[in-house]
Amino acid sequence: HGGYVYILASAPNGILYVGVASDLVRRIYEHRNGLVAGFTKKYSVKRLVYFEHHETGREQREHNIKHWSRTWKVRLILANNPEWNDLYDSIVQQ
């Protein structure tokens with residue numbers, strides 16, 4: 001089972017948000033549709049630009065990524081998604 005650590009962006013090189021979820025599709029749907037009160041809704045951070053699956057330890061990985069500098073987070077995104085594409089459609093179809 002496990003879960004996911006994910007990064008949302010408001011736009012390419014925009015505002016970033018790091019989160020964790022056991023059901024990635026449901027959680028990103030909630031962000032995209034403004035069902036999650038708080039930071040992502042306030043700043044319209046809806047584009048799924050990075051995610052990784054973890055069987056265990058996802059909260060620790062989330063904590064680590066959240067404390068990385070913006071430059072490190074951007075490098076992680078660029079290494080896996082250089083066009084900053086919204087990956088939501090690719091996870092819905094899985």
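Visitor: Which residue forms a salt bridge with Glu30, and how far apart are the closest N and O atoms?

Guide: The general idea is that side chains of opposite charge can pair when their charged atoms come close. In this predicted model, Glu30 forms a salt bridge with Arg27, and the closest N and O atoms are 3.1 Å apart. The two residues are 3 apart in helix H1, so about one helical turn separates them.

Visitor: What other salt bridge does the side chain of Glu30 make?

Guide: Glu30 also meets Arg26, at 2.8 Å from N to O. Arg26 lies in helix H1 (residues 24-32) too, 4 residues from Glu30, again about one turn of the helix.

Visitor: Is Glu30 buried or exposed?

Guide: Glu30 is buried, because its relative accessible area is 17% and the cut-off for buried is under 20%. Its partners read otherwise: Arg27 is partly exposed at 21%, and Arg26 is partly exposed at 40%.

Visitor: Where does Arg61 find a salt bridge?

Guide: Look at Glu52, whose side chain meets that of Arg61 at 2.4 Å, N to O. Here Glu52 is buried, at 11% relative accessibility, while Arg61 is partly exposed at 23%. Back at the helix, salt bridges with shared partners join Asp23, Arg26, Arg27 and Glu30 into one network. The count of salt bridges comes to 7.

Visitor: Now the strands: how do S1 and S2 run, and how many bridges join them?

Guide: In a regular strand the side chains alternate between the two faces of the sheet. Here S1 (residues 3-9) and S2 (residues 16-21) run antiparallel, joined by 6 bridges. For one pairing, follow Tyr4 across to its bridge partner in S2, Ala21. The two strands form a hairpin with 6 residues between them, and Asn13 in the turn has a positive phi of about 60 degrees.

Note on methods: Residues are numbered from 1 along each chain as its sequence is written. This is a predicted model: local features need pLDDT of at least 70, side-chain atom pairs count only at pLDDT 80 or more; totals for chains, interfaces and linings use all residues. Side-chain values use heavy atoms; hydrogens and water are left out. Two strands pair if DSSP finds at least two bridges between them. A salt bridge is a side-chain nitrogen of Lys or Arg within 4 Å of a carboxyl oxygen of Asp or Glu. Buried means under 20% relative accessible area, exposed over 50%, partly exposed in between (1.4 Å probe, protein chains only).
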